[in-house]
Amino acid sequence: MQFNLKYFLAAVILFFVEVLIAAFVQDCFIRPYGGDFLVVIFLYCLLKSFFRLPVKNAILGVLLFAFAVEGSQHFKLIYLLGMQDNTIASAVMGNHFELLDMLLYTLGALAIFGTEKLRSAAFRSRKTSA
């Protein structure tokens with residue numbers, strides 16, 4: 001376990017963006033799709049804030065978690081647990097399965113992978129030119 005301030009700050013910013021989207025955006029694109037794309041990135045940054053994990057492992061873990069949450073929506077887990085009236089549980093677990101969400105989670109994971117590849121290449125470039 002190792003704290004990483006950069007990932008933590010990114011996670012905090014993404015969390016506030018997600019809250020702002022949920023609270024104030026009432027459109028038919030950002031609210032339903034942008035939040036799903038960003039949530040995987042938020043979870044990745046949160047995970048990397050506290051754990052030094054290989055990029056691929058962290059991405060895969062977050063993506064599988066997001067898929068599991070979406071799967072729980074398909075099986076109406078929140079209703080089976082009797083938590084459908086709990087605002088926080090409803091926000092975290094969701095209550096509506098959408099296959100497109102899984103695509104958005106995957107696109108978020110691919111964005112992370114691409115970003116980390118670029119960061120790694122830039123780091124190696126700086127290191128060899130120094």
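**Pockets and helix packing: exercises**

α2 supplies 7 residues to the lining of the largest pocket, the most from any element. The model is predicted: local features need pLDDT of at least 70, side-chain atom pairs count only at pLDDT 80 or more, and totals for chains, interfaces and linings use all residues. Numbering starts from 1 along each chain as its sequence is written, and side-chain values use heavy atoms, without hydrogens or water.

**Exercise 1. Lay out the chain**

State how many helices and strands the protein chain has, and give the span of its C-alpha trace.

Solution.
- Step 1. Count the elements. The protein chain holds 6 helices and 0 strands (DSSP runs: H or I of at least four residues for helices, E of at least two for strands).
- Step 2. Read the order. From the N terminus on, the elements run α-α-α-α-α-α.
- Step 3. Take the extents. Along its principal axes, the C-alpha trace of the protein chain spans about 60 × 30 × 25 Å.

**Exercise 2. Characterise the largest pocket**

Find the volume of the largest pocket. Then say which residues are closest to its centre.

Solution.
- Step 1. Take the volume. For the largest pocket it is about 1000 Å³ (the space filled by probe spheres set on the points). A pocket is an open set of points on a 1 Å grid, for a 1.4 Å probe, with protein on both sides within 12 Å along at least five of seven lines.
- Step 2. Go to the centre. The largest pocket has 28 lining residues, and E18, D36, V39, A91 and V92 are the closest to its centre (lining: an atom within 4 Å of a point).
- Step 3. Assign the elements. Two or more lining residues come from each of α1 (5-24), α2, α3, α5 (87-93) and α6 (99-129).
- Step 4. Sort by class. This lining has 16 nonpolar, 6 polar and 6 charged residues (nonpolar: Ala, Val, Leu, Ile, Met, Phe, Trp, Tyr, Cys, Pro; charged: Asp, Glu, Lys, Arg; polar: the others, Gly among them).

**Exercise 3. Repeat for the second largest pocket**

Which element gives the most to the lining of the second largest pocket?

Solution.
- Step 1. The volume of the second largest pocket is about 400 Å³.
- Step 2. It is lined by 14 residues; N4, Y7, K48, R52 and R119 lie nearest its centre.
- Step 3. α6 gives the most to this lining, with 5 residues.
- Step 4. The classes are 6 nonpolar, 3 polar and 5 charged.

**Exercise 4. Classify the packing of α2**

Give the angle at which α2 packs with α1 and with α3, and at which it crosses α6.

Solution.
- Step 1. Start with α1. α1 and α2 pack at about 155°, their axes 8 Å apart (axes are lines fitted to C-alpha atoms over the stretch in contact; angles run from 0 to 180 degrees between N-to-C directions). So α1 is roughly antiparallel to α2 (over 145 degrees). Their contact has 18 nonpolar, 2 polar and 3 charged residues.
- Step 2. Take α3. α2 (residues 30-50) and α3 (residues 55-74) pack at about 130°, with axes 9 Å apart. α2 is therefore oblique to α3 (outside under 35, 65 to 115 and over 145 degrees).
- Step 3. List that contact. V40, L43, Y44, L47 and K48 of α2 meet V55, A58, I59, V62, F65 and A66 of α3 (heavy atoms within 4.5 Å). By class, it has 10 nonpolar, no polar and 1 charged residues.
- Step 4. Finish with α6. The axes of α2 and α6 come within 8 Å and cross at roughly 45°. So α2 is oblique to α6. The contact includes D36, V39 and Y44 of α2, and L104, A111 and E116 of α6. Its classes are 14 nonpolar, 1 polar and 3 charged.
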